[in-house]
Amino acid sequence: MARLAIVGAAALALPACSMGNMFAPGKPAETAQLQNSSATASEISAASTNALPAIATECPEIKVRPGSEALFYYGKGKVGDARSLNYQAVIEKQSRNCVVSNGLITVKMGVVGRLLLGPAGNQTNVDLPLRFAVERDDVAVFSERYEIPVTITPPNQAEEFVKVVENVAIPYLGGERITIWVGFDTKG
């Protein structure tokens, strides 16, 4: 059995010897020239213009702005009285994805949340004020407020809502601190 294994290994090794060096064809001087060469700026530019956009490896993080993660609406001005709560809305999840191309980060961002009726709530339609903002080095480069319509069909007491904002283009040079913010905006 051992003799068969040795014969098999020798049979495989012999053709490999006759193949030559397929990874460095040509004369040693040509091989050294290829190893020491580098692409010119025009070759790099031509290759990058034909390439597909790359997905950003470091998409800006998306955060809920502190203090804006929930919205409470009380009837008859009784703020803080749990029995007078008409409804509350909360942001449950937020997400984003990005594509980098030609000095821009193009962002698609969204949230999922829930509207819940309170003890005094009988609404069937509510418009929730939601704001998405993008800051680069603490300066707003995008800010938009949206009214998210939510319909609650009785006997339901709660309903989910989703809002997605697409194609927000942010100029990007590299090294900037970019943050995406989302939250309820009752001030407008």
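Strands β6 (125-136) and β9 (178-184) pair in the antiparallel sense over seven bridges, where strands are DSSP runs of E of at least two residues, helices are runs of H or I of at least four, both numbered from the N terminus, and two strands count as paired if DSSP finds at least two bridges between them. Within this pairing, Glu135 has Thr179 of β9 as its bridge partner, and Arg136 stands opposite Ile178 in β9. The model is a predicted one, in which local features need pLDDT of at least 70 and side-chain atom pairs count only at pLDDT 80 or more, while totals for chains, interfaces and linings use all residues. Residues are numbered from 1 along each chain as its sequence is written, and side-chain values use heavy atoms, with hydrogens and water left out.

β6 also pairs with β7 (139-151), in an antiparallel arrangement joined by twelve bridges. Phe132 has Glu144 as its bridge partner in β7. Two residues lie between the strands of this hairpin, and Asp137 there takes a positive phi near 50°. Both pairings belong to an open sheet of four strands, ordered β2-β9-β6-β7, with mixed pairing. Its edge strands, each pairing on one side only, are β2 (61-64) and β7. From one strand to the next the twist averages 20°, with axes taken as lines fitted to C-alpha atoms (for helices over the stretch in contact) and angles running from 0 to 180 degrees between N-to-C directions.

The loop between β8 and β9 holds Glu176. This residue is buried (under 20% relative accessible area; exposed is over 50% and partly exposed in between, with a 1.4 Å probe and protein chains only). Glu176 has no salt bridge despite being buried, and Arg136, the nearest side chain of opposite charge, is 4.6 Å away. A salt bridge requires a side-chain nitrogen of Lys or Arg within 4 Å of a carboxyl oxygen of Asp or Glu; Lys and Arg count as positive and Asp and Glu as negative, with His and the chain ends not counted. Beyond its neighbours within four places in sequence, Glu176 is in contact with Arg136, Asp137 and Pro171, contact meaning heavy atoms within 4.5 Å.

Further pairings involve β4 (85-101). Strand β3 (residues 70-74) pairs with β4 in the antiparallel sense over five bridges, with Ala70 opposite Val90. β4 and β5 are antiparallel as well, over 14 bridges, and Tyr87 stands opposite Leu117 in β5. The hairpin of β4 and β5 has two residues between the strands, and Asn102 takes a positive phi near 50°.

The largest nonpolar core has 31 residues, and Met109, Leu128 and Phe132 have the most contacts inside it. Such a core is a set of buried Ala, Val, Leu, Ile, Met, Phe, Trp, Tyr and Cys residues joined through side-chain atoms within 4.5 Å. Its largest share, six residues, comes from β5. Outside its neighbours within four places in sequence, Leu128 has contacts that include Leu71, Tyr87, Leu115, Tyr146, Phe161 and Phe184.

Overall, the protein chain has three helices and nine strands, with the helices preceding the strands from the N terminus on. Buried residues make up 28% of its 188 residues. Among contacts between residues at least 6 apart in sequence, 66% join residues at least 24 apart.
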